[in-house]
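Work through the following exercises with the sequence and the model in view. Each task is followed by a solution that goes step by step.

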Amino acid sequence: GGGGGRQRFATTANTDSLAQGIQRRRGMAAHRTKQARKKKVLLYRRYRVGELPDIQITLRDILRPLQALCLQDATVARLLFSEMFGELYTKAETERREDLGDKVQAMLASSPAHTDFVACLHAACLCCLKQAATSRRRRAAGADTSGESADGLTIQPLAISESAIRSLNYHSGILILEEHLLLQRDTELSGAASSSNKQAAGGRRRG
């Protein structure tokens, strides 16, 4: 009886050892496969071979590699989003700018803790504020600002602060709040100067 028990124990131990060995080999094989995929270079376009340069490049040939790069690198994705949003916002009409601003605020409220996503939205907010500041300075200097909007994005300081803290994007949050305060100051100074000019003009007419 004792010998049979030892034999069954040895058989169970051998079976467990064999199962662990198989599982370990499977894990190593999966790891090698994963590493091979990481090292594999995926070509999105093959260029024509010859002396003349290949200039037949479509928009898709440019966007597909950029899209793949953005999916792999959050920093590149943020920078590209910021540039694209800035171009769209700068060239958009007033109503379209307001719509873009509202959507940025809505997305910021729905995902306040996602670090990379909030960084993209903060970049968009900063772009809107800088564009508004540029338009107002040009207007104050007497430049032609027809078609330019000084508004388009209503900053909610509490929402910006909360998203910056929860997503750890402290730096961008501080920049947005600082730009917002500067824009408010310029607006108040511009309003005060306009009021003073009107009062001075009224006094001259009465005189």
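**Exercise 1.** Find how many salt bridges a search of the whole structure gives.

*Solution.* Begin with the criterion: a salt bridge is a side-chain nitrogen of Lys or Arg within 4 Å of a carboxyl oxygen of Asp or Glu. With this criterion, a search of the whole structure finds four salt bridges. The model is a predicted one, in which local features need pLDDT of at least 70 and side-chain atom pairs count only at pLDDT 80 or more, while totals for chains, interfaces and linings use all residues. Residues are numbered from 1 along each chain as its sequence is written, and side-chain values use heavy atoms, with hydrogens and water left out.

**Exercise 2.** Describe the salt bridge between Glu 87 and Lys 91, and state where the two residues lie.

*Solution.* The side chains of this pair, Glu 87 and Lys 91, meet with a distance of 3.5 Å from N to O. Next, place them: both belong to helix α3, which covers residues 74-91, and they are four residues apart, about one turn of the helix. Helices here are DSSP runs (H or I, at least four residues), as are strands (E, at least two), numbered from the N terminus. Finally, consider accessibility, where buried means under 20% relative accessible area, exposed over 50%, and partly exposed in between (1.4 Å probe, protein chains only). Glu 87 is partly exposed because its relative accessible area is 46%, whereas Lys 91 counts as exposed because its value is 67%.

**Exercise 3.** Which residues are joined into one network by salt bridges that share partners?

*Solution.* Start from Arg 96, which forms a salt bridge with Asp 99, their closest N and O atoms being 2.8 Å apart. Both residues lie in helix α4 (residues 94-110), three residues apart, about one turn of the helix. Arg 96 is partly exposed at 44% relative accessibility, and Asp 99 is likewise partly exposed, with a relative accessible area of 29%. Then turn to Lys 103, whose salt bridge with Asp 99 has its closest N and O atoms 3.4 Å apart. Shared partners in these salt bridges therefore join Arg 96, Asp 99 and Lys 103 into one network.

**Exercise 4.** Summarise the secondary structure and the burial of the protein chain.

*Solution.* Count the elements: the protein chain has seven helices and zero strands, in the order α-α-α-α-α-α-α from the N terminus on. For burial, 25% of the 207 residues in the protein chain are buried.
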